[in-house]
Amino acid sequence: MERRDWLGYSVREAPAVDLRVLRGVHPATYIDEIRFMSERGGGAFDPDTIASEGSYDAALHAAGGACALVEALVAGEASVGFSGLRPPGHHAEPRTAMGFCLFNNVAVAARHALDSLGLERVFVLDWDVHHGNGTNDVFSDSPEVLFASIHQYPWYPGTGPLSDVGTGSGEGFSLNLPVPSGSGDDVWLSLVEHVVVPAARAFEPQLVLVSAGYDAHRDDPLGTCRLEASSFAWMARWVRSLADSVGAPVGAFLEGGYDLEALASSCAASLEALRDGGEPSSVDVHPLAAEAARTLGRWWELPAATA
């Protein structure tokens with residue numbers, strides 16, 4: 001990004017999150033657990049999720065940067081932004097650290113927008129290869145957040161079947177779109193165009209957020225899907241088109257991505273597409289998209305249901 005002059009984006013330092021805002025998603029006892037683990041020099045929450053002495057501070061700034069981005073977008077300082085911070089967040093449940101995640105950055109930011117910035121509807125698209133179980137759980141019963149996750153299944157963490165559509169008053173507001181190992185553009189792009197975007201457009205969000213993981217890239221060691229950098233650019237262009245159509249700003253948050261070359265090229269490609277917008281090209285309705293549309297058509301008008 002630095003070699004590309006940050007693609008024209010302005011660069012800001014991430015502040016630490018206000019603990020009152022963080023408690024909108026994570027209870028104080030859990031926040032203290034993360035702090036205590038770091039203060040005593042680190043340790044393991046599970047085999048994947050390790051804390052070091054600096055992890056608590058890093059996690060505070062990752063969540064704080066997410067909130068600062070949302071504040072800037074809602075205030076009209078920019079129409080597009082990116083929070084390129086780690087630890088990632090989408091696996092973190094309110095009381096559980098997992099999958100490299102300590103605090104759920106996108107959930108904290110979305111909750112902040114709803115509770116403190118006057119918004120009523122937020123859309124979150126998670127295109128990480130792993131299901132965003134934490135974000136899904138935080139908003140499972142909420143009609144204020146439409147959450148869509150495209151993810152390899154069955155795969156870590158083993159959640160996110162198509163049948164998980166939310167609970168209570170949030171039923172129909174969770175769009176879980178599992179794809180099999182080896183899935184490429186024909187599957188992922190069709191789900192975005194023919195399921196995610198029509199539902200989100202009908203939802204009329206005031207803010208569009210992306211949990212932008214890049215581990216669905218064909219070169220990534222932690223997934224077995226087959227996307228390219230151009231695939232992420234294509235999805236980002238649809239997200240920008242959606243946001244423009246409803247007059248909402250769009251912010252993306254870094255999640256997974258573990259092949260550094262694939263991560264760098266995919267991140268840059270998607271940020272260029274978010275910046276520039278433009279009319280995205282169309283793809284055919286894949287059978288998995290048609291199946292998802294039929295299931296979710298109970299709540300959203302999805303033309304692909306008849307494909």
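**Two pockets, two helix contacts and three backbone features**

Me: What volume does the second largest pocket have?

Reply: In this predicted model, the volume of the second largest pocket is about 260 Å³.

Me: Which residues line the second largest pocket?

Reply: The lining consists of Met1, Glu2, Arg3, Arg4, Phe82, Gly84, Leu254, Leu263, Ala264, Ser265, Cys267 and Ala268. Helix 8 supplies the largest share, five residues.

Me: What makes the classes of the lining of the second largest pocket come out as they do?

Reply: The split is seven nonpolar, two polar and three charged residues. Gly84 falls among the polar residues because Gly is counted there. Glu2, Arg3 and Arg4 are charged because Glu and Arg belong to that class.

Me: What are the volume and the lining of the largest pocket?

Reply: The largest pocket has a volume of about 690 Å³. Its lining holds 27 residues, and Ser10, Val11, Arg12, Phe82 and Ser83 lie nearest its centre. Helix 3 (55-74), strand 3 (80-83) and helix 8 are the elements that give two or more residues to this lining. Helix 3 gives the most, with five residues. By class, the lining of the largest pocket has 17 nonpolar, six polar and four charged residues.

Me: At what angle do helix 7 and helix 8 pack?

Reply: Helix 7 (residues 229-246) and helix 8 (residues 260-276) pack at about 25°, and their axes are 8 Å apart.

Me: Why is helix 7 called roughly parallel to helix 8?

Reply: Angles under 35 degrees count as roughly parallel. The angle here is about 25°, so helix 7 is roughly parallel to helix 8. Their crossing is right-handed.

Me: Which residues make the contact of helix 7 with helix 8?

Reply: Helix 7 brings Ala229, Phe232, Ala233, Ala236, Arg237, Val239 and Arg240. Helix 8 brings Ser265, Ser266, Ala269, Ser270, Ala273, Leu274, Arg275 and Asp276. Eight of the residues in this contact are nonpolar, three are polar and four are charged.

Me: How do helix 6 and helix 9 cross?

Reply: The axes of helix 6 (residues 185-203) and helix 9 (residues 287-296) come within 9 Å and cross at roughly 35°. The crossing is right-handed. Val187, Ser190, Leu191 and Val195 of helix 6 meet Leu288, Ala289, Ala292, Ala293 and Leu296 of helix 9.

Me: How do you know how many residues of the contact of helix 6 with helix 9 are nonpolar, polar or charged?

Reply: Val, Leu and Ala count as nonpolar, and Ser, not being listed as nonpolar or charged, counts as polar. The contact therefore has eight nonpolar, one polar and no charged residues. Ser190 is the polar one.

Me: What kind of peptide bond joins tyrosine 153 and proline 154?

Reply: That bond is cis, with omega about 0°. Proline 154 sits in the loop between strand 5 (145-152) and strand 6 (174-179). The bond from tyrosine 156 to proline 157 is also cis, with omega near 0°. Proline 157 too is in the loop between strand 5 and strand 6.

Me: What makes tryptophan 6 worth listing, and where is it found?

Reply: Tryptophan 6 is not a glycine, yet its phi is positive, about 55°. Tryptophan 6 lies in the segment before helix 1 (19-22).

Me: Why list a positive phi or a cis bond at all?

Reply: Because most residues other than glycine have a negative phi, and most peptide bonds are trans.

How values were computed: Residues numbered from 1 in each chain as written. Predicted model: local features only at pLDDT ≥ 70, side-chain atom pairs only at ≥ 80, totals over all residues. Heavy atoms only, no water. Axes fitted to C-alpha atoms, helices over the stretch in contact; angles between N-to-C directions. Helix = DSSP H or I, 4+ residues; strand = E, 2+ residues; numbered from the N terminus. Parallel < 35°, antiparallel > 145°, perpendicular 65-115°, else oblique. Left-handed = near helix turned anticlockwise from the far one by under 90°. Contact = heavy atoms within 4.5 Å. 1 Å grid on protein atoms, 1.4 Å probe; cavity = no way out; pocket = protein on both sides within 12 Å on 5 of 7 lines; lining within 4 Å. Points joined across faces, edges and corners; volume = space filled by probe spheres on them.
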